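Grab a coffee and open the viewer: here are a few exercises to work through, each with its solution. Try each task before you read on.

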Amino acid sequence: MLAVFDRSVAKSPEGLRSPAAEDGGGGGVRPLLEHFAAAHEGAVTIHLGSSAGALAFSDEKQNPFLPRLFTVMNDIFCLFQGHIENIALLKQQYGLGKTANEAIIVIEAYRTLRDRGPFPASQVVRDLNGKFAFVLFDISSKCTFIAADADGSVPFFWGTDSEDHLVLSDDVEIVKKGCGKSYAPFPKGCFFTTSGGLQSFEHPLNEVKAMPRVDSEGQICGATYKVDVEAKKETGMPRVGSSANWSSQY
C-alpha cells in the first residue's frame with residue numbers, strides 16, 4: 001500500500017526530514033505512483049486531487065497472516081494491513097454487519113470520532129486488538145487518520161520527499177525511492193492525524209519526541225519517535241460546541 005499526502009493535508013512531523021534533505025530521485029506524487037505500479041502488478045492508484053495527494057493498493061505477494069485491504073465508504077478511503085482479533089466485539093460496538101472487515105471497522109470508528117463520539121481518539125485506536133497498520137483519508141474534510149499497533153507488527157514506513165509530501169507505505173523501497181534518507185519506520189503504538197499530528201495512543205497524556213536516527217554509515221536518516229515521560233500535554237476541556245478537533249482529545 002502507498003499513500004502520498006500534500007503538506008496541507010498531512011504535514012511531516014519535526015525531525016523526519018534528514019539534514020541532507022535529498023530525496024531518492026523519485027519524489028512527487030506521479031513518480032511515486034508510477035514506481036509503485038511498476039513494482040506491484042495489478043496495482044490500483046487513486047488521485048485525491050492536486051491539493052491532497054494519492055493512494056495506491058496491491059494485493060500482490062501479500063503475507064496471508066497480514067493481508068491488505070482497501071475500502072471506500074462515504075468518500076472515506078482506508079488502506080489496511082493486518083488483522084484485528086476482537087473484530088466480532090467491534091462489529092457489535094459500531095453496529096456493523098457480519099460481513100464488515102477491518103477496513104470498514106476503521107472507517108466506522110473514524111466516523112464516530114469525527115461526529116463527536118463519546119470516546120477519545122487514543123482509546124478508539126487502543127481498542128483495536130491485533131496486528132495492524134492503516135491509512136485513512138476523508139476526502140470531504142481532507143483529514144487523515146494513520147496508525148500502527150503497539151508492537152509494530154506490520155512493516156510500515158513513512159518519510160518526506162523534496163516537495164514536502166508525507167509518504168507512507170509497507171514497502172520500504174518505495175519510501176526510499178521517494179524520500180532518500182528522510183524516512184523511518186512509522187512509530188509503533190502511535191497515530192497521526194491532520195490537525196493533531198503524531199500522538200501515542202498508549203501514553204496519550206505524554207508528548208512524542210523526535211530522536212535522530214542514524215544508519216549503518218553513520219548518517220542521520222530521518223527520526224524515530226519516543227514517548228517523552230517527562231513532558232505532559234495540556235489537557236484543557238474544550239467547551240461544548242467548540243470546533244476543537246476530535247483527534248486532540250485524550
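Buried, in these exercises, means under 20% relative accessible area, exposed means over 50%, and partly exposed is what falls in between. One thing to keep in mind throughout: this is a predicted model.

**Exercise 1. Get your bearings: how many helices and strands does the chain have, and what percentage of its residues count as buried?**

Start with the secondary structure: the chain has 5 helices and 14 strands. Next, burial: of its 250 residues, 49% count as buried. Then look at how contacts spread along the sequence. Take the contacts between residues at least 6 apart; 61% of these join residues at least 24 apart.

**Exercise 2. Which residues of helix H3 are buried, and what do they pack against?**

Step one is to find the helix. H3 covers residues 102-114, 13 residues in total, and spans 18 Å from its first C-alpha to its last, close to the 18 Å expected at 1.5 Å a residue.

Step two is to apply the under 20% cut-off. The residues that pass are Glu-102, Ala-103, Ile-104, Ile-105, Val-106, Ile-107, Glu-108, Ala-109, Tyr-110 and Leu-113. That makes 10 of 13, and H3 is mostly covered.

Step three is to look for the neighbours. The buried residues pack against strands S4, S5, S6 and S7 (143-148), along with helices H2 (87-93) and H4 (121-126).

Finally, check the ends. At the start of H3, Asn-101 puts a side-chain oxygen within 3.1 Å of the backbone nitrogen of Ala-103. After the helix comes Arg-116, with a positive phi near 65 degrees.

**Exercise 3. Why is strand S5 described as largely enclosed, and which strands does it pair with?**

Count buried residues first. In S5 (residues 76-84), 8 of the 9 residues are buried, so the rest of the structure largely encloses this strand.

Now take the pairing with S4 (residues 68-73): the two run antiparallel and are joined by 6 bridges. One of the pairs here is Arg-68 with Gln-81 of S5. The S4-S5 hairpin has 2 residues between its strands, and Asn-74 takes a positive phi near 50 degrees there.

Then turn to S6. S5 and S6 also run antiparallel, with 9 bridges between them. Look for Phe-80 here, which stands opposite Phe-134 in S6.

**Exercise 4. Which members of the largest nonpolar core touch the most other members?**

Take the 32 residues of that core and rank them by how many fellow members they touch: Phe-5, Phe-156, Trp-158, Leu-168 and Phe-186 come out on top. Strand S6 (residues 130-138) gives the most to this core, with 3 residues.

For a close-up, centre on Phe-156. Leaving out residues up to four places away in sequence, its contacts include Met-1, Phe-134, Ile-146, Leu-168, Pro-185 and Phe-186.

Before you move on, look for another core, apart from this one: it has 26 residues, including Ile-84, Ala-121, Phe-132 and Phe-191.

**Exercise 5. Which parts of the chain do the salt bridges of Arg-68, Arg-114 and Arg-7 link?**

The whole structure holds 7 salt bridges. We'll take them one arginine at a time.

Begin with Arg-68, which pairs with Asp-170; their closest N and O atoms are 2.9 Å apart. The bridge runs from strand S4 to the loop between S9 and helix H5 (172-179), across 102 residues of sequence. Both partners are buried.

Arg-114 comes next, bridging to Asp-138 with closest N and O atoms 3.1 Å apart. This pair links helix H3 to strand S6, 24 residues apart. Arg-114 counts as partly exposed because its relative accessibility is 26%, whereas Asp-138, at 0%, counts as buried. Sharing of partners matters too: salt bridges join Arg-7, Arg-17 and Asp-164 into one network.

Last, zoom in on Arg-7 and Asp-164, whose side chains meet at 3.2 Å, N to O. Arg-7 sits in the loop between strand S1 (2-5) and helix H1 (29-39), and Asp-164 in the loop between strands S8 (157-160) and S9 (166-169), so their bridge ties together parts 157 residues apart in sequence. Arg-7 is partly exposed at 44% relative accessibility, and Asp-164 is partly exposed at 26%.

Terms used. Residues numbered from 1 in each chain as written. Predicted model: local features only at pLDDT ≥ 70, side-chain atom pairs only at ≥ 80, totals over all residues. Heavy atoms only, no water. Core = buried A, V, L, I, M, F, W, Y, C linked by side-chain atoms within 4.5 Å. Buried < 20%, exposed > 50% of the residue type's maximum accessible area, 1.4 Å probe, protein only. Helix = DSSP H or I, 4+ residues; strand = E, 2+ residues; numbered from the N terminus. Contact = heavy atoms within 4.5 Å. Pairing = 2+ DSSP bridges. Expected span 1.5 Å × (residues − 1). Polar contact = N/O pair within 3.5 Å; in protein donor to acceptor, adjacent residues only side chain to side chain. Salt bridge = Lys/Arg side-chain N within 4 Å of Asp/Glu carboxyl O.
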